[in-house]
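Please take a moment to look over the sequence and the model before reading on. The paragraphs below go through some parts of the structure step by step.

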Amino acid sequence: PDWEMAGVTYDKSYYRVAVTVSDTNQTDAELEISAPVYTKYNEKGEEVTGTFTQADFENSYEPVPTTYNPQVTKSVELVSGEPIPADKEFSFTLTPDSNNEEGAVLPGGVSSLTAEVTVKAGETSAAAVGFGEITFNKEGTYLFKITEDNLKQDGTYKGYSKDESEWTLQVKVEEVDYRLVATASYLKDEV
């Protein structure tokens, strides 16, 4: 077609229809038309075997997938009032809920994602960092758990404590105009 609808895969086969027209009675000028014979060809022009009584085309539809990149940030409460003396890295893990339907694909096909956040020396917080684009190819509501990983035990994190909070990321995916659209919300769980 001259235009295409998002998410539709068009059947690219075609048919050749043959009919025979014959003059059965030369005096009455009547013509006889035989039943049509349909021959189907695939998009490569190869004949498809089978008996066809009409031209049937089968398109398929799948909404255009969407992506969402979950974000995490870190702030450090300065109890002593002193600025952070050196850059500190904190890592977080995002894990899909085991009850999620199929339809959410993590980058690289992994089972969880990790994000590293660095709070710079003299600062109290870091800008948001993404975990990576999650692809959604079906409507539904998808849940993910976000937690802070254990702090390094190398002595450089003395005086720092891990935030024990668990966050639930809810991504609601809906079809809008033949495309999937993701809307996310974050909820801090009581621990």
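Phe131 touches, once residues up to four places away in sequence are set aside, Asn69, Pro70, Gln71, Val72, Phe92, Thr93, Leu94, Leu113, Thr114, Ala115 and Ile146. These contacts, like everything else described here, are read from a predicted model. Phe131 also belongs to the largest nonpolar core, which has 25 residues, and together with Leu94, Phe136 and Phe144 it touches the most other members of that core. Strand E10 (88-96), strand E12 (113-119), strand E14 (134-136), E15 and E16 each supply at least two residues of this core, and the largest share, four residues, comes from E12. It may help to keep a general tendency in mind here: in soluble globular proteins, nonpolar side chains tend to be buried together.

One of the residues that Phe131 touches is Thr93, which is found in strand E10. Is Thr93 buried or exposed? Its relative accessibility is 15%, and because buried means under 20% relative accessible area, Thr93 counts as buried. Leaving aside neighbours within four places in sequence, Thr93 is in contact with Ser112, Leu113, Thr114, Phe131, Lys145, Ile146, Thr147 and Asp149. With Asp149, from that list, Thr93 also shares a polar contact of 2.7 Å, which joins the two side chains.

Phe136, which was named above as a member of the core, leads to another part of the structure. An open sheet of three strands has the order E8-E14-E11, and its strands pair in the antiparallel sense. Strand E8 (66-68) and strand E11 (104-105) stand at the edges of this sheet, and each has a single partner strand, so one side of each is left without a neighbour in the sheet. E8 and E14 pair over three bridges, and in E14 the bridge partner of Thr66 is Phe136.

The ring of Phe136 can be looked at in its own right, as part of the aromatic pairs, of which the count comes to 10. The centres of the rings of Phe136 and Tyr142 are 5.2 Å apart and their planes stand at 50°, so the pair is tilted. Both partners are buried, since Phe136 has a relative accessibility of 0% and Tyr142 has a relative accessible area of 1%. Elsewhere, ring pairs link Tyr15, Tyr38, Phe52 and Phe57 into a cluster. Rings also take part in another kind of arrangement, with a lysine over the face: Lys74 lies over the face of Phe90, at 4.8 Å from the ring centre, and Lys88 lies over the face of Tyr157, at 4.8 Å from the ring centre.

The next step is to follow the chain through E15, E16 and E17. Strand E15 (residues 140-148) and E16 pair in the antiparallel sense over eight bridges, and one place to see this pairing is Lys145, which stands opposite Thr168 in E16. In the loop between E15 and E16 the reader will find Ser165, which at 14% relative accessibility counts as buried. The side chain of Ser165 makes a polar contact of 2.7 Å with the side chain of Asp163. On the subject of strands, a general point is useful when looking at them: in a regular strand the side chains alternate between the two faces of the sheet.

E16 in turn pairs with E17 in the antiparallel sense, over 11 bridges, and in E17 the bridge partner of Gln170 is Ser185. How many residues lie between E16 and E17 in the hairpin that they form? There are two residues between the strands of this hairpin. Asp177 lies in the loop between strand E16 (166-176) and strand E17 (179-189), and Tyr178 has its place in the loop between E16 and E17 as well.

What is the sign of phi in these two residues? Most residues other than glycine have a negative phi, but phi of Asp177 is near 50°, a positive value, and Tyr178 has a positive phi of about 70° although it is not a glycine. The two can also be described by their accessibility: Asp177 is exposed, with a relative accessible area of 65%, whereas Tyr178 is partly exposed, with a relative accessible area of 40%.

Methods:
Residues are numbered from 1 along each chain as its sequence is written. This is a predicted model: local features need pLDDT of at least 70, side-chain atom pairs count only at pLDDT 80 or more; totals for chains, interfaces and linings use all residues. Side-chain values use heavy atoms; hydrogens and water are left out. Buried means under 20% relative accessible area, exposed over 50%, partly exposed in between (1.4 Å probe, protein chains only). Two strands pair if DSSP finds at least two bridges between them. A nonpolar core is a set of buried Ala, Val, Leu, Ile, Met, Phe, Trp, Tyr and Cys residues joined through side-chain atoms within 4.5 Å. Contact means heavy atoms within 4.5 Å. A polar contact is a pair of N or O atoms within 3.5 Å; within protein, one must be able to donate a hydrogen and the other to accept it, and residues adjacent in sequence count only if both atoms are side-chain atoms. Rings of Phe, Tyr and Trp (its six-membered ring) pair if their centres lie within 6.5 Å; planes under 30 degrees apart count as stacked, over 60 as edge-to-face and the rest as tilted. A charge sits over a ring if NZ of Lys or CZ of Arg is within 6 Å of the ring centre and within 35 degrees of the ring normal.
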